Number of protein chains: 2
Amino acid sequence: MTTTVEFIEKLRNSGLRPTKQRIKICEVLFNKETTFHFTINDLVKIIEKEANEKISLATVYNTIHAFEKKGYLKEIPIDANQSYFDTNVTDHHHFYDISEKKLIDLDQVDVGPINIKKSVPGKKIKSVEVLVKLDTDNQ
Amino acid sequence: MTTTVEFIEKLRNSGLRPTKQRIKICEVLFNKETTFHFTINDLVKIIEKEANEKISLATVYNTIHAFEKKGYLKEIPIDANQSYFDTNVTDHHHFYDISEKKLIDLDQVDVGPINIKKSVPGKKIKSVEVLVKLDTDNQ
DNA sequence: AATTATATTAAAACCATTCTAAACTGTTGA
DNA sequence: TCAACAGTTTAGAATGGTTTTAATATAATT
Ligand SMILES: [Mn+2]
Ligand SMILES: [Mn+2]
Ligand SMILES: [Zn+2]
Ligand SMILES: [Zn+2]
């Protein structure tokens with residue numbers, strides 16, 4: 001359980017003004033038992049359900065992008081149709097259930113260390129992410 | 001060097017009629033020294049340059065999707081803005097150069113074997129892909 | 001050659017995302 | 001305290017990659 005005061009601090013520390021809308025988005029994103037994956041559409045629906053208010057799409061996009069830039073959220077590339085975001089910002093990997101269109105976290109320990117034995121001159125590795133696609137198992 | 005006759009066979013074997021447009025797309029995609037990565041926009045530009053003909057966007061999309069379904073092409077999820085395709089359909093991984101927006105192949109041997117130590121009941125692993133994001137190295 | 005199935009095309013529609021510009025709210029310092 | 005400024009929200013328009021449409025054309029089958 002995180003308090004509103006803490007969200008306000010979190011926002012202030014990242015140079016974001018603590019507005020009513022941003023605090024509500026914080027509550028929906030960060031005041032949960034577990035981390036989760038979502039699309040913007042998912043998020044808008046959750047906000048409408050939890051609060052009985054609407055936050056404009058532009059504000060949702062702006063805030064999500066601000067949080068992403070600040071490292072409060074990660075974007076997970078799955079397919080080219082829409083963006084998937086993750087409130088789990090630790091280094092981890094994913095299962096992607098193709099039929100359910102759902103992401104499932106894979107811890108570092110579930111995958112084991114990955115040692116990239118190749119490098120590109122003048123470039124450094126920023127992230128290493130494994131995506132494991134899952135299909136229905138028909139024996 | 002692959003001949004037109006071979007492309008026609010390839011298309012026929014996959015239940016696709018060998019039309020002038022599909023053969024041209026085959027030439028652009030598969031009659032190359034090396035495999036490569038492309039967006040639909042890239043492809044349209046290459047076609048316009050190599051052939052002096054235009055193939056409608058709808059046909060390009062339809063054909064690329066047919067090839068993808070047949071396993072002649074792979075789609076690589078990078079970001080949610082547009083689709084990236086790959087003429088290298090072997091199991092392999094990628095560097096993604098963020099500033100250049102370019103994909104670079106990583107062979108299995110460059111990454112090493114990946115053993116997923118977790119499973120989801122009723123689901124089987126369809127693919128395991130590693131995406132290594134690269135940043136400019138400012139010392 | 002006639003018939004049927006499939007493909008191509010230009011244009012419209014779709015839809016996630018971004019932009020716009022006017023109204024609003026938070027912050028600051030006189 | 002409050003005016004002035006900076007930052008934010010909003011509805012709606014615009015954008016741009018992708019898909020759909022439906023008319024026309026081409027390929028395959030008879
Ligand atoms: Mn983003
Ligand atoms: Mn596709
Ligand atoms: Zn995750
Ligand atoms: Zn590749």
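The following paragraphs lead through a predicted model of two protein chains and two DNA strands, taking the helices, the DNA surfaces and the strands in turn.

Residues are numbered from 1 along each chain as its sequence is written, and chains are lettered from A and ligands numbered from 1 in the order in which they are written. Because this is a predicted model, local features need pLDDT of at least 70 and side-chain atom pairs count only at pLDDT 80 or more, while totals for chains, interfaces and linings use all residues, and side-chain values use heavy atoms, with hydrogens and water left out.

Helices and strands are named here as DSSP runs, numbered from the N terminus (helices are H or I with at least four residues, strands are E with at least two). Two packed helices are described by the angle between their axes and the distance between the axes; the axes are lines fitted to C-alpha atoms, for helices over the stretch in contact, and the angles run from 0 to 180 degrees between N-to-C directions. In chain B, the axes of helix α3 (residues 40-50) and helix α4 (residues 57-70) come within 11 Å and cross at roughly 115°. This crossing of α3(B) and α4(B) is right-handed, a term that applies if the near helix is turned clockwise from the far one by less than a right angle, with left-handed used if it is turned anticlockwise. On the α3(B) side the contact (heavy atoms within 4.5 Å) is made by B:I40, B:L43, B:V44 and B:I47, and on the α4(B) side by B:L57, B:V60, B:Y61 and B:I64. By class, these residues comprise eight nonpolar, no polar and no charged, where Ala, Val, Leu, Ile, Met, Phe, Trp, Tyr, Cys and Pro count as nonpolar, Asp, Glu, Lys and Arg as charged, and the others, Gly among them, as polar.

Helix α4(B) also meets α2(B), and here the axes come within 11 Å and cross at roughly 65°, again in a right-handed crossing. From α2(B) the residues in contact are B:Q21, B:R22, B:I25, B:C26, B:L29 and B:F30, and they meet B:T59, B:V60, B:T63, B:I64 and B:F67 of α4(B). This contact of α2(B) with α4(B) has seven nonpolar, three polar and one charged residues.

The DNA comes next. DNA strand D is surrounded by 20 residues, of which the closest are A:T19, A:Q21, A:R22, B:Y61 and B:H65; a residue is near a strand if one of its heavy atoms lies within 4 Å of it. Of the strand D atoms within 4 Å of the protein, 82% belong to sugar or phosphate and the rest to bases. Among the polar contacts (pairs of N or O atoms within 3.5 Å; within protein, one atom must be able to donate a hydrogen and the other to accept it, and residues adjacent in sequence count only if both atoms are side-chain atoms), a polar side-chain atom of A:R22 lies 2.6 Å from a phosphate oxygen of strand D, and one of B:Y61 lies 2.5 Å from a phosphate oxygen of that strand. At B:S83 a polar backbone atom is 2.9 Å from a phosphate oxygen of strand D. Helix α4(B) gives the most to this surface, with four residues, and the surface near strand D divides into seven nonpolar, eight polar and five charged residues.

Around DNA strand C there are 20 residues, the closest being A:Y61, A:H65, A:S83, B:T19 and B:Q21, and 78% of the strand C atoms within 4 Å of the protein belong to sugar or phosphate, the rest to bases. A polar side-chain atom of B:R22 lies 2.8 Å from a phosphate oxygen of strand C, whereas B:S56 uses a polar backbone atom, 3.1 Å from a phosphate oxygen. The largest share of the surface near strand C, four residues, comes from α4(A).

Turning to the strands, two of them pair if DSSP finds at least two bridges between them. In chain A, three strands form an open antiparallel sheet in the order β1-β3-β2, with β1 (37-38) and β2 (74-76) as the edge strands, each pairing on one side only. Three bridges join β2(A) to β3 (residues 84-86) of chain A, and A:Y84 is the bridge partner of A:I76.

In chain B, strands β4 (residues 93-97) and β5 (residues 102-106) run antiparallel and are joined by five bridges, with B:I104 as the bridge partner of B:F95. These two strands form a hairpin with four residues between them, and B:K101 in the turn has a positive phi of about 55°.
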